[in-house]
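Here are some short exercises to work through with the model open beside you. Try each task before you read its solution.

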Amino acid sequence: MELKDYEVLEQIGKGSFGVCKKIRRKTDSKILVWKELDYGLMSDNEKQMLVSEVNLLRELRHEHIVKYYQRIIDKNTLRLYIVMEYCSGGDLSSLIARQKPKRKPFEANLVMKWFQQLLQALQACHYRQKSDMAKVIHRDLKPGNVFLDSSLNIKLGDFGLARILAHNSSFATTFVGTPYYMSPELLNNEAYNEKSDIWALGCIIYELCVLSPPFTALNQSALFLKIKAGKYQPFSPKLYSQDLAIVINKMLQLSPCSRPDIAELISHRMFKVAEMEFG
Ligand SMILES: CN(C)CCCNS(=O)(=O)c1cccc(Nc2nc(OCC3CCCCC3)c3[nH]cnc3n2)c1
């Protein structure tokens, strides 16, 4: 397939990597998206990193990870197009923003479903990382990178791209969001590890229950102090199980080794109850 095999429908948004557009495949009218990246300003090293990130994207196949279809390189415009599945439910950050004015947090069953699906998606990534020692994918886990399909199932977005391009000065400066989900170890410039994802996931699940992240501040330095202090407003368990509140608290432990890992979380009894009730 080439660029001419697709029809551009509309621009969905702009990310640190470039532009995201909704497209239609002409052969079967399937709706997809592509992300356009300008690699014209990239050094050879950055291009190499981009190639390896895209190759990793191709290998991550999981029902709760956005499906990668193909990449198209346009040597005339020095642009890379990455074709992926379109998630009609949009991104979680927009969903939370729409839920907030209703002052009604998400249903407990929905939060547990999304929690379980996010854990399954992360497990697929971590497993992949383990088997391929060559490269650990840095995940930029945040609600804006978590999408939903038409049945409100989770589709974890393409994190690697944002990270790769963040190294590229021209990209890093233009799109800097507030790093609400940054873990204490990352603030201390320690190595990124799987437990950093557990922290970010804890922040996201907390936000689904409270409709705001556990750590907020008016500026970045105040936010960093709050994260390093690790103190946050406990959410009222009246809408959610005590188990959930305890698990989130463990995921937001300052020291990475005190946080549970994916395996512990996936097998937690709080998911069992849900399965028993709804089979
Ligand atoms: C029911 N409605 C209220 C739902 C509103 C929802 N419809 S919507 O307005 O077109 C809409 C909104 C946001 C996303 C999507 N689908 C989507 N977005 C992606 O990336 C967005 C991009 C990410 C980086 C920053 C800029 C935006 C994807 N990447 C791979 N697959 C993707 N799918 C659709």
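**Exercise 1.** Find which residue of strand 5 lysine 35 stands opposite.

*Solution.* Start with the two strands: strand 3 (residues 31-38) and strand 5 (residues 79-85) pair in the antiparallel sense over seven bridges. Strands here are DSSP runs of E with at least two residues, helices are runs of H or I with at least four, and both are numbered from the N terminus. Two strands pair if DSSP finds at least two bridges between them. Now look across from lysine 35: the residue opposite is isoleucine 82.

This is a predicted model, where local features need pLDDT of at least 70 and side-chain atom pairs pLDDT 80 or more, while totals for chains, interfaces and linings use all residues. Residues are numbered from 1 along each chain as its sequence is written, and side-chain values use heavy atoms, without hydrogens or water.

**Exercise 2.** Work out the strand order and explain why strands 1 and 4 each have one side without a neighbour in the sheet.

*Solution.* First, the five strands form an open sheet in the order 1-2-3-5-4, with antiparallel pairing. Next, strand 1 (6-14) and strand 4 (68-74) are at the edges with a single partner strand each, so one side of each has no neighbour in the sheet.

**Exercise 3.** Check the length of helix 7 (residues 194-210), then look at what follows the helix.

*Solution.* The expected span is 1.5 Å times one less than the number of residues. For 17 residues that gives 24 Å, and the end C-alpha atoms are 25 Å apart, which agrees. Just after helix 7 comes leucine 211, with a positive phi near 70°.
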